[in-house]
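Q: Got a minute to go through this one with me? I'd like to start with the ligand and then wander a bit.

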Amino acid sequence: MQEIMKMIQSSAYTTIFTGAGMSTESGLPDFRSKNRGLWTKFNPDELANVVALENNFEEFSEFYQYRLREIDKYQPHEGHLILGQWEKRGIIRGIITQNVDGFHHDAGNQNVMELHGTFRKFYCNRCKREHDREAYLSGNNKCEYCDGPVRPGIVLFGEMLPEDVFYKAEIETRRSDLLIVLGSSLTVTPANMFPMIAKEQGAKLIIVNREDTPMDIYADYIVQDKSIREFLIEVDQELKGRC
Ligand code: APR
């Protein structure tokens with residue numbers, strides 16, 4: 001932990017990169033943990049893609065209403081709240097996240113780059129007008145203006161990723177002298193390129209993840225022996241004890 005504390009305290013620009021493992025301790029399943037991930041229950045090729053939106057709209061809507069109800073059952077855990085405090089205190093500058101649960105916003109973070117979109121927004125896929133989240137939750141999945149299909153503001157497989165968000169995330173990563181990965185298998189491109197970008201320009205890389213990742217070989221430090229929530233609580237206590 002001393003080495004990690006040294007990296008964090010000597011950093012002038014720390015960015016956090018989170019994946020679904022950041023939210024499992026809130027109760028939300030991740031995607032690929034062995035027999036616990038979401039994709040062991042549902043097949044993303046059938047539902048989490050733009051073809052299902054166009055050709056299998058009712059089942060598509062049922063799947064996302066299920067995911068939204070699941071997300072609404074849970075809330076940010078102490079680790080999210082710590083990251084919210086750290087941004088306020090200038091310990092971190094921002095969060096690049098693959099998560100769509102909106103928990104980083106709920107925990108008070110301002111500079112959040114949501115690479116895969118967000119469940120905080122819904123819109124008509126035809127006229128693009130915003131749609132009410134509660135209405136969607138209650139099963140209303142048709143646009144009140146043009147009767148088009150309403151969908152969540154998340155990026156579906158087969159859709160373009162939000163270029164502006166990726167551009168901002170790349171700028172933030174290039175400014176960073178420390179990138180801390182929390183809970184990602186780092187197997188999905190192009191999101192998994194950020195640890196490489198950080199390393200290319202000499203930043204330190206810490207990976208906190210229960211399982212091995214393909215980027216472990218580039219990490220300056222790997223934490224597998226404690227959960228993300230435990231890690232953040234421990235570092236936060238160390239930081240409080242030192243200032
Ligand atoms: N502490 C530490 N690590 C954890 C914890 C925890 N509490 N919970 C889960 N993990 C680790 C798992 O071991 C796993 O390696 O987090 C990682 C989560 O990886 P994935 O489930 O692959 O999630 P992620 O990397 O975010 O997936 C990327 O894939 O399907 C798409 O769009 C989806 O954004 C998602 C993307």
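**Around the ligand**

A: Sure. Ser184 has a polar side-chain atom 2.7 Å from an oxygen atom of the ligand. Keep in mind that this is a predicted model.

Q: And how far is an oxygen atom of the ligand from an N or O atom in the side chain of Ser185?

A: That distance is 2.6 Å. For the side chain of His116, an N or O atom sits 2.9 Å from a ligand oxygen.

Q: How much of the ligand does the protein bury?

A: The protein buries 96% of the 740 Å² that the ligand exposes when taken alone.

Q: How many residues surround the ligand, and which are the closest?

A: There are 22 around the ligand, and the closest are Ala20, Phe31, Arg32, Ser184 and Ser185.

Q: OK, switching to α8. Which residues of that helix are buried?

A: Val165, Phe166, Ala169, Glu172 and Thr173 are the buried ones in α8. They cover an arc of only 125° around the axis, so they are on the same side of α8.

Q: What do those buried residues pack against?

A: They pack against β1, β2 (94-97), β3 (112-114) and α9 (194-200).

Q: And which exposed residues are on the face turned away from the buried side of α8?

A: Glu163, Asp164 and Tyr167 are the exposed residues carried there.

Q: What span should α8 have, going by its number of residues?

A: Helix α8 runs over residues 163-175, which is 13 residues, so at 1.5 Å a residue the expected span is 18 Å. Its end C-alpha atoms are 18 Å apart, which agrees.

Q: Let's move to Ser11. Where is that found?

A: Ser11 is in the loop between α1 (2-10) and β1 (14-18).

Q: Buried or exposed?

A: Buried: the relative accessible area of Ser11 is 17%, and the cut-off for buried is under 20%.

Q: What does Ser11 touch, leaving out residues up to four places away in sequence?

A: Asp177 and Leu178. A polar atom of the Ser11 side chain also lies 3.2 Å from the backbone nitrogen of Tyr13. Then there's Lys204, which is 193 residues from Ser11 in sequence, with a C-alpha to C-alpha distance of 9.0 Å.

Q: Last one, His77. Where is that, and is it buried or exposed?

A: His77 is in the loop between α4 (57-73) and α5 (78-88). With a relative accessibility of 7%, His77 counts as buried.

Q: Which residues does His77 touch, again skipping those up to four places away in sequence?

A: His77 touches Met22, Glu25, Ser26 and Arg229.

Conventions: Residues numbered from 1 in each chain as written. Predicted model: local features only at pLDDT ≥ 70, side-chain atom pairs only at ≥ 80, totals over all residues. Heavy atoms only, no water. Helix = DSSP H or I, 4+ residues; strand = E, 2+ residues; numbered from the N terminus. Buried < 20%, exposed > 50% of the residue type's maximum accessible area, 1.4 Å probe, protein only. Contact = heavy atoms within 4.5 Å. Polar contact = N/O pair within 3.5 Å; in protein donor to acceptor, adjacent residues only side chain to side chain. Expected span 1.5 Å × (residues − 1). Arc of directions from axis to C-beta. Near = heavy atom within 4 Å. Areas by Shrake-Rupley, 256 points an atom, 1.4 Å probe, with all protein chains shown as cover.
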